[in-house]
Amino acid sequence: MVGPLAKDVDSLALCMRALLCEDMFHLDPSVPPIPFNEQMYTSTKQLRIGYFENDGYWIPTPSMKRAIMETKRLLEEAGHTVCLLILQENGEIPGVTKVTEEDEEELQLYNGYTNDFWDKTFKKAVTGSVGLPLSVQCVALPWHDELCLCFMREVERLVKKRKGTSVPPEKSHQSIHA
């Protein structure tokens, strides 16, 4: 899947505003004529968010599972409803956390589902990754990219708050929760 890359969620929203405009609908007939929904993107309503710990094919490594659970905790603490779900792909929030020495130690016990060639190859590929950033994937229903961006912006805000960094005032938005 190909898509835009940006340094933050606001930059992705700017890209989507540029792509989902009247001119683009006339230039590219494959783009559905659905303009960017600013109200959905800037919503301050509480979100109901589904998450999953594995996709049924791969068991996440300890560091991956920790990144998911840390994000879940941040969202719950901010007042959002978080429930277990199976999802498809959409967007990603980079740098939620980093691989730790403890993750690396727990990885030694990782066997995957069957400890077969693929599980062993996966374990080998992620071994030695202490200090590398971990991301979480964010998704929304088809044609609801603004909702996905809204969710991504909230996760980005909560992670920055936890790290003690904040979005500059001209870039900040209201929290999604009421």
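Trp118 sits in helix 6, which spans residues 117-126. In this predicted model, Trp118 counts as exposed because its relative accessibility is 54%, and exposed means over 50%. Together with Tyr57, Trp58 and Phe117, Trp118 makes a nonpolar surface patch of about 550 Å².

Now let's turn to the charged side chains. Side chains of opposite charge can pair when their charged atoms come close. Here the count comes to nine salt bridges, and three of them are set out below.

| Salt bridge | Closest N to O distance |
|---|---|
| Arg66 and Glu70 | 2.7 Å |
| Arg66 and Asp103 | 2.5 Å |
| Arg162 and Glu70 | 3.0 Å |

Arg66 and Glu70 are both part of helix 4, four residues apart, or about one turn of the helix. The pair of Asp103 and Arg66 links distant parts of the chain, since Asp103 belongs to helix 5 (residues 101-107) and lies 37 residues from Arg66 in helix 4. Arg162 is in helix 7 (residues 145-163), so its pairing with Glu70 in helix 4 ties together parts 92 residues apart in sequence. Through shared partners, salt bridges join Arg66, Glu70, Asp103 and Arg162 into one network.

How buried are these residues? Asp103 is buried, at 5% relative accessible area, and Glu70 is buried too, at 16%. Arg66 is partly exposed at 22%, as is Arg162 at 33%.

Helix 4 has a place in the strand layout as well. Strand 1 (residues 48-51) pairs with strand 2 (residues 81-84) in the parallel sense, over four bridges. Between these strands the chain passes through helix 4 (residues 62-77), giving a right-handed β-α-β crossover. Gly50 has Cys83 in strand 2 as its bridge partner.

How values were computed:
Residues are numbered from 1 along each chain as its sequence is written. This is a predicted model: local features need pLDDT of at least 70, side-chain atom pairs count only at pLDDT 80 or more; totals for chains, interfaces and linings use all residues. Side-chain values use heavy atoms; hydrogens and water are left out. Two strands pair if DSSP finds at least two bridges between them. Helices (H or I, at least four residues) and strands (E, at least two) are DSSP runs, numbered from the N terminus. A crossover is right-handed if, with the strands pointing away from the viewer, the path from the first strand over the helix to the second runs clockwise. Patches are made of residues with over 30% relative accessible area and no salt bridge: like charges are joined within 9 Å, nonpolar side chains (Val, Leu, Ile, Met, Phe, Trp, Tyr) within 5 Å. Accessible areas come from the Shrake-Rupley method with a 1.4 Å probe; for residues, only the protein chains shown count as cover. A salt bridge is a side-chain nitrogen of Lys or Arg within 4 Å of a carboxyl oxygen of Asp or Glu. Buried means under 20% relative accessible area, exposed over 50%, partly exposed in between (1.4 Å probe, protein chains only).
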